[in-house]
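Me: I would like to go through the reasoning behind some labels used for a binding site. Please set each value against its definition before concluding.

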Amino acid sequence: TFNGTWKIDRSDNYEKFMEQMGINMVKRKLAAHDNLKITIEQTGDKFHVKESSNFRTLEIDFTLGVTFDYSLADGTELSGSWTLEGDMLKGLFTRKDNGKQLTTTRAVQGDELIQSYNYEGVDAKRIFKRG
Ligand code: MYR
């Protein structure tokens, strides 16, 4: 189950990923230590996600398979949806500014939540622990 509060523990290649996303160096340095925390509440095919970081706090509601809008902390707007495949959440999002795709997954492995990201050939991971 995805339910619970997850605190960022470590990241893998996130700096390169952000660079590929076109985020400038100052923002990348800040984002590398964003203290991201997410709280996930799943009820059937509906999810309520609370996100908090050094940048902002926000709450997101989505339903599996239903397109919604989401803005990154730097203002980049995405539109897309999550689906569940087995025990893995798969997200397919499109940047509104350039039409390019960002894919992401979430999976619980042991006591960790692993979120992967891909944008234009660059992969990254962020790994969270229950907090
Ligand atoms: C959620 O389920 O938390 C809301 C929807 C998330 C959409 C995809 C998130 C991609 C975040 C990429 C971070 C990029 C920083 C350059």
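Reply: Gladly, with the reminder that this is a predicted model. The largest pocket holds about 700 Å³ of space, and its lining has 31 residues, with Y14, E51, R56, Y70 and L72 lying nearest its centre. The elements that give two or more residues to this lining are α1, α2 (25-31), β3 (46-52), β4, β5, β6 (77-85), β8 and β9 (112-119).

Me: What makes the lining residues of the largest pocket count as nonpolar, polar or charged?

Reply: They divide into 21 nonpolar, 3 polar and 7 charged. Tyr and Leu count as nonpolar, whereas Glu and Arg count as charged, so Y14, Y70 and L72 belong to the nonpolar group, and E51 and R56 to the charged one.

Me: Where is the ligand with respect to the pockets?

Reply: The space that the ligand takes is the largest pocket. The elements that give two or more residues to the shell around the ligand are α1 (14-20), β4 (57-63), β5 (68-71) and β8 (101-109), and α1 gives the most, with 3 residues.

Me: Which residues of the shell are closest to the ligand, and how does the shell divide by residue class?

Reply: The ligand is surrounded by 16 residues, the closest being Y14, I23, F62, W82 and R106. The shell divides into 15 nonpolar, no polar and 1 charged; Arg counts as charged, so R106 is the charged residue of the shell.

Me: Why is the approach of R106 to the ligand called a polar contact?

Reply: An N or O atom in the side chain of R106 is 2.7 Å from an oxygen atom of the ligand, and the cut-off is 3.5 Å, so the pair qualifies. A polar side-chain atom of W82 lies 3.0 Å from a ligand oxygen atom, which is also within 3.5 Å and therefore qualifies. Of the 480 Å² of accessible area that the ligand has on its own, the protein covers 93%.

How values were computed:
Residues are numbered from 1 along each chain as its sequence is written. This is a predicted model: local features need pLDDT of at least 70, side-chain atom pairs count only at pLDDT 80 or more; totals for chains, interfaces and linings use all residues. Side-chain values use heavy atoms; hydrogens and water are left out. A residue is near a molecule or strand if one of its heavy atoms lies within 4 Å of it. A polar contact is a pair of N or O atoms within 3.5 Å; within protein, one must be able to donate a hydrogen and the other to accept it, and residues adjacent in sequence count only if both atoms are side-chain atoms. Accessible areas come from the Shrake-Rupley method with a 1.4 Å probe; for residues, only the protein chains shown count as cover. On a 1 Å grid over the protein atoms alone, a cavity is a set of points where a 1.4 Å probe fits but cannot get out, and a pocket is an open set with protein on both sides within 12 Å along at least five of seven lines; lining residues have an atom within 4 Å of a point. A molecule sits in a cavity or pocket if more than half of its atoms lie within 2 Å of its grid points. Helices (H or I, at least four residues) and strands (E, at least two) are DSSP runs, numbered from the N terminus. Grid points are joined across faces, edges and corners, and a volume is the space filled by probe spheres set on the points.
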